[in-house]
Amino acid sequence: MKWLVALGVCLGLLSGVSAMTVEEFDAFKQEGLDKPVIRFGDIAPLLEQHRQNPMFEFTELGHSLLGTPIYQIKMGQGDTKVLAWTQMHGDEPTATAAIFDLLKYIAAEDQADWRQNWMEQITLYIIPMVNPDGAEVNTRVNAQGIDINRDALVLQSPEGRILMEAAKRIEPHYGFNLHDQNRFHAAGAAKNPATISLLAPAFNEARDINESRKRAMQLIAYVKPLIDEEIPNHLGRYDDTFSVRSFGDTFSSFGISTVLVEAGGHRNDDNRQVARRLNFLMYVKWLNGIASGSYRTADVADHDAIPFNQRGMKDVLIHNVTFTLNEQPALLDLAFDLDWEASRRARIDDIGDLSIFGAYHSFDAEGLHFKAGRAYRLTEPLTLEQAQYIDLLRAGYTHFIGDQELLRNNSRLPVLINPTQRLPREALARQQSATFLLRNDEGVQYAVVNGQVIELDRGRVMYRYGS
């Protein structure tokens, strides 16, 4: 039965149709990479595993500034050359996971017919994790503080030099520049995250379209139906302003048909596994389309129809909060930045009419009034049970101060101890801690603790970090 499923998947992909369900993808998904940060140590054993496979030819291209090896993996023997590279920004790991999904899929015994189909036409070169030093500490830049994707002109970074030397040696016909974008991008006017964004980079200031760039646009148009079917209204397009220092634009100026792929957020998907799966599906479809030439039937007008990215998403939106200052009530929307990729110190990001924005989490507070919280001072050991904590929240306490070793939290609810950000008081301001209460005439109904909304009647958190 399993071979029938695999055969159906393979035939569906070869025909250019998205036939792989989430469950079917899980059979090929590389274990151990469903995480927000992927470091070289996570992929080193996978590299060693694939190195043993004779269909993969490994080359050590050089080392990062701090001495971590940067590898190239070559496969296929076709005349058409394709180069793909990942994680030149160390804190953008989604494509690295998807590339290892692809390698696992390529190596699978039951994919022999599929891989032979494109390997006769294509030689594929993959450079996984161009910036291992940045990946190690989860930062965009390399150990020198250089943004490698702004180093294509001067080549001050060893990692940038390695990538440029590889491209000049290989002379690929197609290039795939694989990144993550921040979670606040929306797909055009839709109030949805841009889970996938694509770009055929310009090769000059005039943003002209030559034959090479047209092919990149057709590659994007070729996968648009796949993305539209999988995640309607979550596909965006980057502005194509020419960037002379960027690798994608530079490679485009070399005549390489280059596609930028940006993996973005999706609701209830903090580790970007939706974007990971879609990256994988696009890679397979592109290999099929390039090998067969079928992508050249795609209409550039479909590329042009993809809406541009815009800054349109918030982590949390609370609508219609009544806030009174100087005896003047106002109905406000509040947006939070959960800061979950860094210190997880949620802060108020925006205030006012926020109706134009979408959000990963939203809540209508109509009929509820803002109330600043108070600090509960820890002077003796306190074991916090659920009911007791809810009573404290109803009494107006939103956080604790003092020796945090005195507090033991036995509730299922988040607590805030010794906050380092300013908390709201009489006035609301951006960058204050997203910690306060919502009340009506019957008392406090909701507590917002470090950006997480607690519904007191039900004793539950409406959403959590990591959900």
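Biologist: In what order do the eight strands of the open sheet stand, and how are they paired?

Modeller: As a general idea, strands of a sheet pair through backbone hydrogen bonds, and the pairing can be parallel or antiparallel. In this predicted model, eight strands form an open sheet in the order β1-β2-β4-β3-β5-β9-β7-β8, and the pairing is mixed. The edges are taken by β1 (57-63) and β8 (235-237), each of which has a single partner strand, so one side of each is left without a neighbour in the sheet. On average, and with direction ignored, neighbouring strands of this sheet are turned by 20° against each other.

Biologist: Starting from the β1 edge, how do β1 and β2 pair, and over how many bridges?

Modeller: The sense of this pairing is antiparallel, with six bridges between β1 and β2, and one residue pair to look for is Glu60 with its bridge partner Tyr71 in β2. The two strands form a hairpin with five residues between them, and in the turn Gly67 has a positive phi of about 95°. On to the next strand in the order, β2 and β4 also pair in the antiparallel sense, over four bridges, and here Ile73 stands opposite Ile126 in β4.

Biologist: How many of the eight residues of β2 are buried?

Modeller: Seven of the eight residues of β2 are buried, so this strand is largely enclosed by the rest of the structure. Helix α7 (residues 158-170) lies across β1, β2 (69-76), β3 (80-86) and β4 (122-127), and runs at about 140° to β1.

Biologist: How should I read a pair of packed helices, and at what angle do the axes of α3 and α4 cross?

Modeller: Two packed helices are described by the angle between their axes and by the distance between those axes. For helix α3 (residues 40-51) and helix α4 (residues 94-107), the axes come within 12 Å and cross at roughly 25°, which makes α3 roughly parallel to α4. The crossing by which α3 passes α4 is left-handed. On the α3 side the contact is made by Ile43, Leu46, Leu47 and His50, which meet Thr96, Phe100, Leu103 and Lys104 in α4; by class, this contact has five nonpolar, two polar and one charged residues.

Biologist: What is the arrangement of α8 and α10, read in the same manner?

Modeller: The axes of helix α8 (residues 211-230) and helix α10 (residues 273-292) come within 10 Å and cross at roughly 140°, and the two helices are therefore oblique to each other. Their crossing is right-handed. Among the α8 residues in this contact are Leu219, Ile220 and Tyr222, while those of α10 include Arg277, Leu281 and Trp286. By class, the contact of α8 with α10 has 11 nonpolar, one polar and three charged residues.

Biologist: Is Ile220 buried or exposed, and which residues is Ile220 in contact with beyond its neighbours within four places in sequence?

Modeller: Ile220, which lies in helix α8, has 0% relative accessibility and so counts as buried. Leaving aside its neighbours within four places in sequence, Ile220 is in contact with Leu198, Leu199, Ala200, Val259, Trp286, His303 and Ile306. Two strands of the sheet are worth finding here, since β7 (residues 196-199) and β9 (residues 257-263) pair in the antiparallel sense over four bridges, with Leu260 in β9 as the bridge partner of Leu199. From C-alpha to C-alpha, Ile220 and Leu260 are 9.4 Å apart in space, and they are 40 residues apart in sequence.

Key. Residues are numbered from 1 along each chain as its sequence is written. This is a predicted model: local features need pLDDT of at least 70, side-chain atom pairs count only at pLDDT 80 or more; totals for chains, interfaces and linings use all residues. Side-chain values use heavy atoms; hydrogens and water are left out. Two strands pair if DSSP finds at least two bridges between them. Axes are lines fitted to C-alpha atoms, for helices over the stretch in contact, and angles run from 0 to 180 degrees between N-to-C directions. Contact means heavy atoms within 4.5 Å. Angles under 35 degrees count as roughly parallel, over 145 as roughly antiparallel, 65 to 115 as roughly perpendicular and the rest as oblique. A crossing is left-handed if the near helix is turned anticlockwise from the far one by less than a right angle, and right-handed if clockwise. Ala, Val, Leu, Ile, Met, Phe, Trp, Tyr, Cys and Pro count as nonpolar, Asp, Glu, Lys and Arg as charged, and the others, Gly among them, as polar. Buried means under 20% relative accessible area, exposed over 50%, partly exposed in between (1.4 Å probe, protein chains only).
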